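This report goes through side-chain contacts, the main pocket and a few backbone features of one model. The sequence and coordinates come first.

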Amino acid sequence: MNPERWRRLAREESRLSGQRVVVAGVDEAGRGPLAGPVVAAAVVLDLSEDWSGLDDSKQLTPERRDVMYARVLKGARAFAWAVAGPREIDRVNIRRATHGAMARAVARLRLAPELVLVDGHETVAAIAAEQQAVIGGDGRCLSIAAASVLAKVVRDRIMERLDQVWPAYGFAKHKGYGTAEHMDAIREHGPCPLHRWTFAPVSALELPLV
């Protein structure tokens, strides 16, 4: 990992932000799994500070993510996250559930953002502030990278705790993604309340709930 990569992300964010002082980055974790919540996070950073090592969560090891998670909680100007559970996802679909969680995360920030940089190709209708969608934003903007770390760490910790409630599925290991091990467990035990019942292949199995 390039230790100075964070500076490039900060410069790109500054370019997109212009003269705006309070800029929030927003990202999510958990759109793709077959089980568990989707978690959205919003972060406002002081780009003049040293954020060495901060990067897109996918580029960091779990150990490094934990370190950067703690740094963001300590040093961010503002941060918040929100969770949409599997029943909300089943009820309104994953896109709307994700956008709802993003809007709630932004609303919980202690600073009202002048601009919200949203990772992905679309903005969020429920966010009232000015927005800009940034494709690949977690690898382009520092505050979105910080939000990606918060969302990923929070979701992983949720899945690790829920593994203690439903140990038969191995959630601590695969975090709800559709691995071969996970699919074998669903076939053996049926889906549990943590599963997204509208997601194929869970919905296609037509197994009774445990």
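A residue counts as buried when its relative accessible area is under 20%, as exposed when that area is over 50%, and as partly exposed in between. The model discussed here is predicted. By this cut-off K175 is buried, because its relative accessibility is 12%.

## Backbone features

K175 is found in the loop between helix 6 (171–174) and helix 7. Its phi is near 60°, which is a positive value in a residue other than glycine. A positive phi also occurs at N93, where the angle is near 90° and the residue is again not glycine. N93 belongs to the loop between helix 3 and helix 4. With a relative accessible area of 37%, N93 is partly exposed.

One peptide bond deserves a separate entry. From A200 to P201 the bond is cis, and omega is near 10°. P201 lies in the loop that runs between helix 7 (180–189) and helix 8 (202–205).

## Salt bridges

Side chains of opposite charge can pair when their charged atoms come close. The structure holds 16 salt bridges. Three of them are set out below, with the N to O distance for each.

| Nitrogen side | Oxygen side | N to O distance |
|---|---|---|
| K58 | D56 | 3.2 Å |
| R65 | D156 | 3.9 Å |
| R104 | E88 | 3.5 Å |

What is the burial state of each partner in the bridge between K58 and D56? K58 counts as exposed because its relative accessibility is 60%. D56 has a relative accessible area of 5% and is therefore buried.

The side chains of R65 and D156 meet in a salt bridge at 3.9 Å, N to O. This pair links distant parts of the chain, with R65 in helix 2 (residues 62–75) and D156 in helix 5 (residues 142–165), 91 residues apart. Both R65 and D156 are buried.

For R104 and E88, the N to O distance is 3.5 Å. R104 lies in helix 4 (residues 94–107) and E88 in helix 3 (residues 86–92), so this salt bridge ties together parts that are 16 residues apart in sequence. R104 is partly exposed, at 28% relative accessibility.

Salt bridges also join E12, R15 and R140 into a network.

## Aromatic rings and charges over them

A pair of aromatic rings is described by the distance of the centres and the angle of the planes. The count comes to 3 aromatic pairs. In the pair of Y69 and W81, the ring centres are 6.4 Å apart and the planes are at 35°, so the pair is tilted. Y69 is in helix 2 and W81 in strand 3 (residues 78–84), so this pair links distant parts of the chain, 12 residues apart. Y69 is buried, with a relative accessible area of 10%, whereas W81 counts as partly exposed at 30%.

How are the rings of F79 and W81 arranged, stacked or tilted? Their centres are 6.2 Å apart and their planes are at 25°, so the pair is stacked; planes under 30 degrees apart are given that label. F79 is partly exposed, with a relative accessible area of 31%. Y69, F79 and W81 together form one aromatic cluster.

Y69 has a further contact through its ring face: R157 lies over it, at 4.6 Å from the ring centre. A second such contact involves R87, whose charged end sits over the ring of W197, 3.8 Å from the centre of that ring.

## The largest pocket

Rolling a probe the size of a water molecule over the atoms shows where empty space is left. The largest pocket contains about 230 Å³ of space. Its lining has 16 residues, and the closest of these to the pocket centre are E28, A29, S57, K58 and Y177. K58 is also the exposed partner described above, at 60% relative accessibility.

Strand 1 (23–29) and helix 5 each supply at least two residues of this lining. Which class of residue does the lining hold, and how many of each? The lining of the largest pocket has 10 charged, 4 polar and 2 nonpolar residues.

Definitions and conventions. Residues numbered from 1 in each chain as written. Predicted model: local features only at pLDDT ≥ 70, side-chain atom pairs only at ≥ 80, totals over all residues. Heavy atoms only, no water. Salt bridge = Lys/Arg side-chain N within 4 Å of Asp/Glu carboxyl O. Buried < 20%, exposed > 50% of the residue type's maximum accessible area, 1.4 Å probe, protein only. Helix = DSSP H or I, 4+ residues; strand = E, 2+ residues; numbered from the N terminus. Phe/Tyr/Trp six-rings, centres within 6.5 Å; stacked < 30°, edge-to-face > 60°. Lys NZ or Arg CZ within 6 Å of the ring centre and 35° of its normal. 1 Å grid on protein atoms, 1.4 Å probe; cavity = no way out; pocket = protein on both sides within 12 Å on 5 of 7 lines; lining within 4 Å. Points joined across faces, edges and corners; volume = space filled by probe spheres on them. Nonpolar A, V, L, I, M, F, W, Y, C, P; charged D, E, K, R; others polar.
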